[in-house]
Structures are given as structure tokens and as C-alpha cells.
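Thank you all for making the time this morning. I would like to go through a few side-chain pairs and then the sheet, and please do stop me if anything is unclear.

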Amino acid sequence: MKRIIVTGGYGFIGSNLIKILLKKNYKVLNIDNLKYSSNKYNLADLKSNNYNFLKIDINNKSKLLECFRKFKPFAIFNLAAETHVDRSIDNPSVFIKSNILGVFNLLEAIKDYRFKTNKEIKLIHISTDEVYGDIKKPERSDEKHPYNPSSPYSASKASADHLIASYVRTYKLSAIITNCSNNYGPRQFPEKFIPKIIYNIINNKKIPVYGKGKNSREWLYVTDHCDALIKILKKGRSGEKYNIGSNINLTNIKVVKTILDVISKNNIMNIGKNVKIKFVKDRPGHDLRYAINSKKLKKELNWKSKISFDKGILQTIKWYARNKKYFDLIPKKTFVKRIGLLK
């Protein structure tokens, strides 16, 4: 049975990925430092002898090495990261530590493990489409598009991508970088746009939308992303980059209106009288449009997204409606108050 480490496994994408890996008969070790966006509820229903968890910060190289020696993974999915742009505006130093120094220590641990054991670990590093910056219509950024990050978050992810590429070339590490569009689905921390909308609807609150809601994002259902990651693990080539996207772009205001419409048409919950769209001051340095070209992944690995936005958003809303306890387990101070405003 092949052994895989997932870093950040109590997070949104990580927890969904672990569930799929276990179904595909992998032995999985979840490494997570249990910071604010980690939630043990995400994997509370797991009943598998092939799953284990260790609390480790990826900045702790010695603990990583000890873990590698004991678990002997053939691959690592690196999802451990700070991911919220607004938080990076308020406190960029945390993003430098997690997203750059954390990746550096992970690479060093993989390199040292290979030197000491002569065994290769394949690294699949999950990055973001935000490294490409603001993409003008009708362009879509492919893997050769120049990096142009706009926020401390996207700059930290871009730095990690470059660092990994250098270790592939210099030290011949086996690593692949994936750059994915906006994910949505069950178990996403409610500081993010879609779960924040659903939380506010459940709690009869106004729905804040930056600027005029014209910012456009490419939306990918989380299980589609996980399927792509597993295909890249199996068939992807070391040193390559792969964009993962749906080709489905929607403005923020369209997303809000679609969620309200889906809830009403399917009678999922009551929409209270206070649930109204409220336009708020825009995020500093806010990119207008992200859009990626995923043709390489389709051509080389025969992957494409399967879940339409209408189907995915219905599944997402139903999950949160059935799992209101998820919100109750999260301290409100971590996601209710607006952050990321320059003072």
C-alpha cells in the first residue's frame, strides 16, 4: 500500500483530498499545525486504519525528517499554507513564514532524507492562479505566463513556486507545481467568499461584496481539484507546472445572486429579511480578473473538470445547511470582522 503525506490535512482542500485518497486505498498521514483555519470536524467521520495524524509545523525540519524516516512516504501533497489575501494585508510576516520559509524547510527535509536514505519523495505543491496577477479579457494565463503577484499572499506563493523550481534544477528533487483557480465546496473556512455568503444567509445577515461586485474569478469544485491532483501524482512529470481550472468565470455579484437563487428554488432554507447585498469598500490592490488556461493538463493527462457550478454550488449549500455545527466550532472573531483594510 502506497504511503502519502498530506500537509494541511485539516484544512479545506486537504481534508477533501484525504477522504478521496483513502477511498483509493492509499495509506495517509495528515500533518497539520492546527492553526485557526484547521478544523478537526473536517475529518471527524473518518473510520480508517489507513489514516493517521501528527501535529507538526512544516517549519520544523527535524520533526519532518523524523516523520519521513518512520512513515516512509513515496509522495507529499503540500497544502500547508496561509491563504487569505485580507490576512496577508494585515500581517504579511505570517505568510512569509508559512508560505516561503515553510516550503524551504520542507524542501530541505526532503533533500536531506534522500541523501540519508537514497529514497525519493515526490512533492506535489499546491499553488494558486493568483501568482499570475490580473488577467485582462479575453486572455487566460497558461503555465508560461509571467508571474505578476499583487498581494503579500500571492507574492509568498510565487516565491515558493520559484524556490521549488530551483530545487528541482539544482538538487534534482522530484517536484511538481500546480496552480489552481478558486476552489469551493464543503469544509471551506468561512472567511472565504462562498462559505461567508452561506453563513450570512443562515444567520440572516447582510452579504458584503467588495466594490461593485465586478471582480471575476474562475471557480472549481474541490473534488474536481482533488481528482486532478491525484492524476498529476500518478502521471505528472517532475519539474513541470500544471494549471488546474474549470474555465468557468463568474463575477462576485453573479455568485451571490446564484446562491440566493439556488436556495430559493430548492427550498433549502429560509432567506431572512436582513439578507441583502451590501457593497463595501474594495480590498487594497484587488485584482479584477483571474483566468487560467488548463489545456496542458487536459492534453497531457486527459483531465477536465466534471462538476458544473450549478451542481457544485447546490451540493455546497446543502452541506453547510446540514452541518451548521461546523460554523459553531469556529471562533467568530476569526472570520466575522472585516480585515485587510489599510489604516
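Let me begin with Lys-61, which has a relative accessibility of 25% and therefore counts as partly exposed, bearing in mind that what you have in front of you is a predicted model. The side chain of Lys-61 meets that of Glu-108 in a salt bridge, with 4.0 Å from N to O. Because Lys-61 belongs to helix H2, residues 61-71, and Glu-108 to helix H4, residues 92-117, this pair ties together parts that are 47 residues apart in sequence. Glu-108, for its part, has a relative accessibility of 14%, and since the cut-off for buried is under 20%, Glu-108 counts as buried. The pair also belongs to a network of salt bridges, in which Lys-61 and Glu-108 are linked with Lys-111 and Asp-112.

How many salt bridges does the structure hold? The count is 16, and I will pick out two others. One of them joins Glu-120 to Arg-114, where the closest N and O atoms are 3.9 Å apart. Both partners are partly exposed, Glu-120 at 38% relative accessibility and Arg-114 with a relative accessible area of 23%.

The other is formed by Glu-240 and Lys-296, whose closest N and O atoms lie 2.5 Å apart. Glu-240 sits in the loop between helix H7 (222-235) and strand E10 (241-244), while Lys-296 is part of helix H9, residues 295-301, so here the parts being tied together are 56 residues apart in sequence. Lys-296 has a relative accessibility of 19% and so counts as buried.

Turning now to the sheet, what is the order of its strands? Seven strands form an open sheet, and reading across we have E3-E2-E1-E4-E5-E6-E10, with parallel pairing. At the edges are strand E3 (51-55) and E10, each of which pairs on one side only. From one strand to the next, the twist averages 20°.

I would like to stay with strand E5, residues 122-128, for a moment. Is E5 enclosed by the rest of the structure, or open to the outside, is perhaps the wrong way to put it, so let me ask instead how many of its residues are buried. Seven of the seven are, and E5 is therefore largely enclosed by the rest of the structure. In a regular strand the side chains alternate between the two faces of the sheet. In E5, one side carries Lys-122, Ile-124, Ile-126 and Thr-128, the other carries Leu-123, His-125 and Ser-127, and all of these are buried, which leaves both faces covered.

As for the neighbours, E5 pairs in the parallel sense with strand E4, residues 75-78, over four bridges, and within that pairing Ala-75 has Lys-122 of E5 as its bridge partner. With strand E6, residues 175-180, E5 again pairs in the parallel sense, here over six bridges. Along that pairing you can find Ile-126 opposite Thr-178 of E6, and Thr-128 opposite Cys-180, also in E6.

Finally, there is the connection between these two strands: E5, helix H5 (residues 152-171) and E6 together make a right-handed β-α-β unit. In that unit H5 lies across both E5 and E6, and runs at about 155° to E5.

How values were computed
Residues are numbered from 1 along each chain as its sequence is written. This is a predicted model: local features need pLDDT of at least 70, side-chain atom pairs count only at pLDDT 80 or more; totals for chains, interfaces and linings use all residues. Side-chain values use heavy atoms; hydrogens and water are left out. Buried means under 20% relative accessible area, exposed over 50%, partly exposed in between (1.4 Å probe, protein chains only). Two strands pair if DSSP finds at least two bridges between them. A crossover is right-handed if, with the strands pointing away from the viewer, the path from the first strand over the helix to the second runs clockwise. Axes are lines fitted to C-alpha atoms, for helices over the stretch in contact, and angles run from 0 to 180 degrees between N-to-C directions. Contact means heavy atoms within 4.5 Å.
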